[in-house]
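Colleague: I'm new to this one. Could you walk me through a few of the labels and how you arrive at them?

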Amino acid sequence: MVTWSGDAITTSDSVEVARPFSGAELRDGYIESVQRLMLGLVRFRDNAWRLGPFELLRFGSERVGRDFVEWPIEGGILARPGGVWRIESEDGAVSASATGHRPAIPRPLYDVSHFQVHQLATRLYLLGLRENDPPFGVEAPREDRFRAAAVDLAFCLTLARLTGRRRLRRTLVITAAYHIACWSLLGRTLGGVVLRERVVSLDGSRPTAAQSLLRFALMPLSWFWRRPLHDEVARTTVIRD
């Protein structure tokens, strides 16, 4: 959920989980998850997210309760003072919300940059809390996933050919746009329809556009390492439909 009130934004996301989490677990897991996603380039030190010497987002003193953790937002390169970042475990779910957050950059630029990173980092953190929970649905067999990928590759090559002389750059753009749109809007590609598969987040929801982009970008590494690295990082899986 995203709402604007003047120059302040309120965002929230949540996932269902099998067990409750303490405030300390939520705090430590959040910090570790974001640092891992940012490949260690962005670190949490002295109550602030930092990129080298730059203070991206500064918090006030944390409040850690039995089932929640929250920080007041005090400023930094990416925000003006005001608002609260809160993570809470209750009623079989964990929710994360930024209330009254005031971005330091204009809204159009914020919407396509900082917000996308924030949304992705929050989503991956929350989904990561489900890693030890029972899986959602029945995983599609590996051989069926390869068959579906072959169908999609053939379709993308055909699309590239129909748009004009087939070139590598055009083919890559079409392939990326096709997969990201299909996963985030429908949960399945043409290959998924044929093989009766769909891509879901670990909680069964459709991947967001940012998740889908991350998943697509990591697919070459999955082929190289011969393991579904793109699903592990994007917190997604492919299930039988």
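Modeller: Happily! Keep in mind that this is a predicted model. Let's begin with helix α1.

Colleague: How do you know that the span of α1 agrees with what its 15 residues should give?

Modeller: The rise is 1.5 Å a residue, counted for one less than the number of residues. For α1 that gives an expected 21 Å, and the end C-alpha atoms are 21 Å apart, so the two agree. Several residues of α1 are buried, among them Leu26, Tyr30 and Val34.

Colleague: And what comes just after α1?

Modeller: Leu39, which has a positive phi of about 60°. Leu39 sits in the loop that runs between α1 and β3 (42–45).

Colleague: Why is Leu39 called exposed?

Modeller: Exposed means over 50% relative accessible area. Leu39 has 73%, so Leu39 counts as exposed. Leu39 also belongs to a nonpolar surface patch with Leu41, Leu51, Phe54 and Ile77, and together they have about 540 Å² of accessible area.

Colleague: What makes His118 buried?

Modeller: The cut-off for buried is under 20%. His118 has a relative accessible area of 19%, so His118 is buried. This residue lies in helix α3 (residues 114–128), and beyond its sequence neighbours up to four places away, His118 touches Thr11 and Trp85.

Colleague: Why do you say that β11 and β12 pair?

Modeller: Pairing takes at least two bridges. Strands β11 (residues 197–201) and β12 have five, in the antiparallel sense, so they meet that definition. Glu197 stands opposite Arg240 in β12.

Colleague: What makes β12 mostly covered?

Modeller: Four of the five residues in β12 (residues 236–240) are buried.

Notes: Residues numbered from 1 in each chain as written. Predicted model: local features only at pLDDT ≥ 70, side-chain atom pairs only at ≥ 80, totals over all residues. Heavy atoms only, no water. Patch = residues over 30% accessible without salt bridge, like charges linked within 9 Å, V, L, I, M, F, W, Y side chains within 5 Å. Areas by Shrake-Rupley, 256 points an atom, 1.4 Å probe, with all protein chains shown as cover. Salt bridge = Lys/Arg side-chain N within 4 Å of Asp/Glu carboxyl O. Helix = DSSP H or I, 4+ residues; strand = E, 2+ residues; numbered from the N terminus. Buried < 20%, exposed > 50% of the residue type's maximum accessible area, 1.4 Å probe, protein only. Contact = heavy atoms within 4.5 Å.
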